[in-house]
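Subject: Structure for your review

Dear colleague,

Please find below the structure that I am handing over to you. My notes on it follow directly after.

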Amino acid sequence: MKKNNALKVAIVMGSQSDYKTMKLAEKIFKNIGINYETKIVSAHRTPKRMYDFAQSAKKKKFGVIIAGAGGSAHLPGMISALTTIPVLGVPIESKKLKGLDSLLSIAQMPKGIPVGTLAIGEDGAINAALLAASIVANSNFTVRKKLENWRRSQTKSVKKKPK
Ligand code: RP5
């Protein structure tokens with residue numbers, strides 16, 4: 001992989017409390033060998049940080065942005081409104097509504113500004129990373145091969161008989 005030209009992935013989240021979920025995306029990127037940066041960026045608590053992050057994302061060579069948020073989860077949609085880089089939203093499992101609020105806030109974007117929405121919680125964080133890897137793999141042969149290996153070892157890990 002040509003490290004300097006390779007597209008990176010940004011992982012952002014609304015709060016420190018989201019990190020226990022979002023760090024599973026980091027684990028996938030370490031495994032597949034994708035460069036990433038992780039930040040806390042809150043749409044409502046740090047709106048200027050969010051604006052600056054989204055405005056500078058293209059210059060920083062981010063090819064995909066993964067945004068995790070919980071509750072009234074407007075972070076992925078707000079970032080998508082500020083950039084044309086694909087945004088993948090991870091609905092964080094909230095305490096009161098088990099993440100249904102997060103899911104609907106992220107998935108129900110009105111037409112014009114898309115957010116690719118994954119499942120609630122840990123499955124969503126893992127799949128967001130795998131989907132980001134697929135997007136990066138379109139223009140990066142090394143990542144494509146590593147992603148294919150990851151899929152192969154997942155297949156191998158499924159036992160034929162239950163114990
Ligand atoms: C959202 O509010 C965050 O994404 C988080 O999921 C939720 C709760 O945040 P904390 O009160 O735990 O900081 O902005």
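In this predicted model, the side chains of Glu37 and Lys8 form a salt bridge, with an N to O distance of 3.0 Å. Glu37 belongs to strand S2 and Lys8 to strand S1, so this pair ties together parts that are 29 residues apart in sequence. The two partners differ in exposure: Lys8 is buried, because its relative accessible area of 18% is under the 20% limit, whereas Glu37, at 28% relative accessibility, counts as partly exposed.

Glu37 also meets the side chain of Lys39 in a salt bridge, here at 3.6 Å from N to O. Lys39 counts as partly exposed, with 30% relative accessibility. In total, the structure holds four salt bridges. Another of them joins Lys48 to Asp52, whose closest N and O atoms are 2.9 Å apart. Both Lys48 and Asp52 lie in helix H2, with their positions four residues apart in the numbering, about one turn of the helix. Lys48 counts as exposed at 60% relative accessibility, and Asp52 is partly exposed at 36%. Lys8, Glu37 and Lys39, for their part, are joined into one network by salt bridges that share partners.

The strands that carry the Glu37 and Lys8 pair are also paired with each other. S1 (residues 8-13) and S2 (residues 36-40) run in the parallel sense and are linked over five bridges. Within this pairing, Ile11 has Thr38 in S2 as its bridge partner. Between the two strands the chain passes through helix H1 (residues 19-32), and the resulting β-α-β crossover is right-handed.

S1 has a further parallel pairing with S3, over six bridges. Met13 stands opposite Gly68 in S3. Taken as a whole, the sheet is open, has five strands in the order S2-S1-S3-S4-S5, and shows parallel pairing. S2 and strand S5 (116-117) stand at the edges with a single partner strand each, so one side of each is left without a neighbour in the sheet.

Which residues have the most contacts inside the largest nonpolar core? They are Val9, Met22, Phe29, Ile32, Ile34 and Ile66, in a core of 26 residues. The elements that give two or more residues to this core are S1, H1, S3, S4, helix H5 (122-137) and helix H6 (141-156). Of these, H5 gives the most, with eight residues.

On the surface, Leu97, Leu100 and Leu104 form a nonpolar patch with about 290 Å² of accessible area together. Leu97 is found in the loop between strand S4 (87-92) and helix H4 (100-107). Leu97 is exposed, because its relative accessible area of 52% is over the 50% limit.

The loop between S4 and H4 also holds Lys98. Lys98 has a positive phi of about 55° although it is not a glycine, and it is exposed, with a relative accessible area of 56%. A positive phi is likewise found at Lys61, where the value is near 65°, again in a residue other than glycine. Lys61 is placed in the loop between helix H2 (47-56) and strand S3 (62-70). With a relative accessible area of 43%, Lys61 is partly exposed.

Finally, is Ala43 buried or exposed? Ala43 is buried, with a relative accessible area of 14%, and its place is in the loop between S2 and H2. The C-alpha atom of Ala43 is separated by 45 Å from that of Pro162, a residue 119 positions away along the chain.

With kind regards

Note on methods: Residues are numbered from 1 along each chain as its sequence is written. This is a predicted model: local features need pLDDT of at least 70, side-chain atom pairs count only at pLDDT 80 or more; totals for chains, interfaces and linings use all residues. Side-chain values use heavy atoms; hydrogens and water are left out. Patches are made of residues with over 30% relative accessible area and no salt bridge: like charges are joined within 9 Å, nonpolar side chains (Val, Leu, Ile, Met, Phe, Trp, Tyr) within 5 Å. Accessible areas come from the Shrake-Rupley method with a 1.4 Å probe; for residues, only the protein chains shown count as cover. Buried means under 20% relative accessible area, exposed over 50%, partly exposed in between (1.4 Å probe, protein chains only). Two strands pair if DSSP finds at least two bridges between them. A crossover is right-handed if, with the strands pointing away from the viewer, the path from the first strand over the helix to the second runs clockwise. A nonpolar core is a set of buried Ala, Val, Leu, Ile, Met, Phe, Trp, Tyr and Cys residues joined through side-chain atoms within 4.5 Å.
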